[in-house]
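Okay, thanks for coming, everyone. I'll walk you through one structure today, going from the inside outwards. Have a look at it on the screen while I talk.

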Amino acid sequence: AVVSTQSTGAIDGFCGAGGNAIQLAMTCHRVIAVDIDPHKVEMARHNAAVYGVEDRIEFIVGDFLELAPSLKGDAVFLSPPWGGPGYLRQDVYSLSSITPDCGRMMSAARSISQNVALFLPRNVSVDEVIGLVEPGEKVEVEQNFLNRRVKTVTAYFGELISE
């Protein structure tokens, strides 16, 4: 994989089909979109072309945890795989259900930037999210609503927290 060494606006560590990377590219000068699945990266590349932002996204097939030490960016967006729709059957979704391990994932992201956004299921354990905070750090947990129902949760770290 060709890894960018120039600072970028944002890094999407688990880009999947590219929806979040595309949205990031609409406001950021440059985005690096990483996914371990080459088929998903091809879908993301196609989708970026459909939305006219392919020139602002560098797609990399690879493992975010392995690539993170060589990536440069101002912020990191993480939407790791939640393990399929089974999360909806749980009263409280534990971060331990996420692969890769959330602690390792956050450590990898923080090696790039302290500015991290972590996108999670609506039923995630907020106590576990708070447990990801490092000494002297804060977290802002935002519930994302659609049609008056909580759909997802985003946890913001670093300068992504609104003051």
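So, the largest nonpolar core: in this predicted model, that core has 32 residues. If you want to click on the ones with the most contacts inside it, go for Phe64, Leu71, Leu78, Leu95, Met105 and Leu118. Where do they come from along the chain? Elements giving two or more residues to this core are β2, residues 31–35, then α3 at 64–67, β4 at 76–78, α4 at 102–110, β5 at 116–121 and β7 at 149–157. Which of them gives the most? That's α4, with five residues.

There's also a second core, separate from that one, with 19 residues. Among its members are Ala10, Val41, Val53 and Tyr156. Keep Tyr156 in mind, please; we'll meet that residue again when we get to the pockets.

While we're on the inside, let me show you strand β3, residues 57–61. Is that strand enclosed or open? Four of its five residues are buried, so β3 is largely enclosed by the rest of the structure. Its pairing with β2 is parallel and runs over five bridges. If you'd like one pair to find on screen, take alanine 33, whose bridge partner in β3 is phenylalanine 59.

Okay, pockets. Rolling a probe the size of a water molecule over the atoms shows where empty space is left. The largest pocket holds about 300 Å³ of space. Its lining is made of 21 residues, and the ones nearest the centre are Phe14, Cys15, Gly16, Asp35 and Pro81. As for elements, α1, residues 19–25, along with β2 and α3, each give two or more residues to that lining. How does the lining of the largest pocket split by class? We have nine nonpolar, eight polar and four charged residues.

The second largest pocket has about 240 Å³ of space, with 13 residues lining it. Nearest its centre you'll find Leu24, Phe77, Ala117, Thr154 and Tyr156, and yes, that's the Tyr156 I mentioned from the second core. The elements giving two or more residues here are α1, β4, β5 and β7. The largest share comes from α1, which puts in three residues. And the classes for this second pocket? Nine nonpolar, four polar and no charged residues.

Now for the charged side chains. How many salt bridges does a search of the whole structure find? Three. Let me take them one by one.

Number one is glutamate 42 with arginine 45, at 3.4 Å from N to O. Both sit in helix α2, three residues apart, which is about one turn of the helix. Are these two buried or exposed? In between, actually: glutamate 42 has a relative accessible area of 46%, so it counts as partly exposed, and arginine 45, at 36%, is partly exposed as well.

The other two bridges share a residue, arginine 110. Its side chain meets that of glutamate 134 at 3.7 Å, N to O. That pair links distant parts of the chain: glutamate 134 is in the loop between α5, residues 126–130, and β6, residues 139–146, while arginine 110 is in helix α4, 24 residues apart. Then arginine 110 also meets glutamate 137, at 2.7 Å, N to O. Glutamate 137 lies in the loop between α5 and β6 too, and here the separation from arginine 110 is 27 residues. Put together, Arg110, Glu134 and Glu137 form a network of salt bridges.

And what about burial in that network? Arginine 110 is at 11% relative accessible area, and the cut-off for buried is under 20%, so arginine 110 counts as buried. Glutamate 137 is buried too. Glutamate 134, at 36%, is partly exposed.

Last stop, back to helix α2, which covers residues 38–50. Valine 50 belongs to that helix. Is valine 50 buried or exposed? Exposed, because its relative accessibility is 56% and the cut-off is over 50%. If you want a feel for distances on the screen, draw a line from valine 50 to aspartate 127: they're 77 residues apart in sequence and 39 Å apart in space, C-alpha to C-alpha.

That's my tour. Happy to spin the model around if anyone wants another look.

Note on methods. Residues numbered from 1 in each chain as written. Predicted model: local features only at pLDDT ≥ 70, side-chain atom pairs only at ≥ 80, totals over all residues. Heavy atoms only, no water. Core = buried A, V, L, I, M, F, W, Y, C linked by side-chain atoms within 4.5 Å. Buried < 20%, exposed > 50% of the residue type's maximum accessible area, 1.4 Å probe, protein only. 1 Å grid on protein atoms, 1.4 Å probe; cavity = no way out; pocket = protein on both sides within 12 Å on 5 of 7 lines; lining within 4 Å. Points joined across faces, edges and corners; volume = space filled by probe spheres on them. Nonpolar A, V, L, I, M, F, W, Y, C, P; charged D, E, K, R; others polar. Salt bridge = Lys/Arg side-chain N within 4 Å of Asp/Glu carboxyl O. Pairing = 2+ DSSP bridges.
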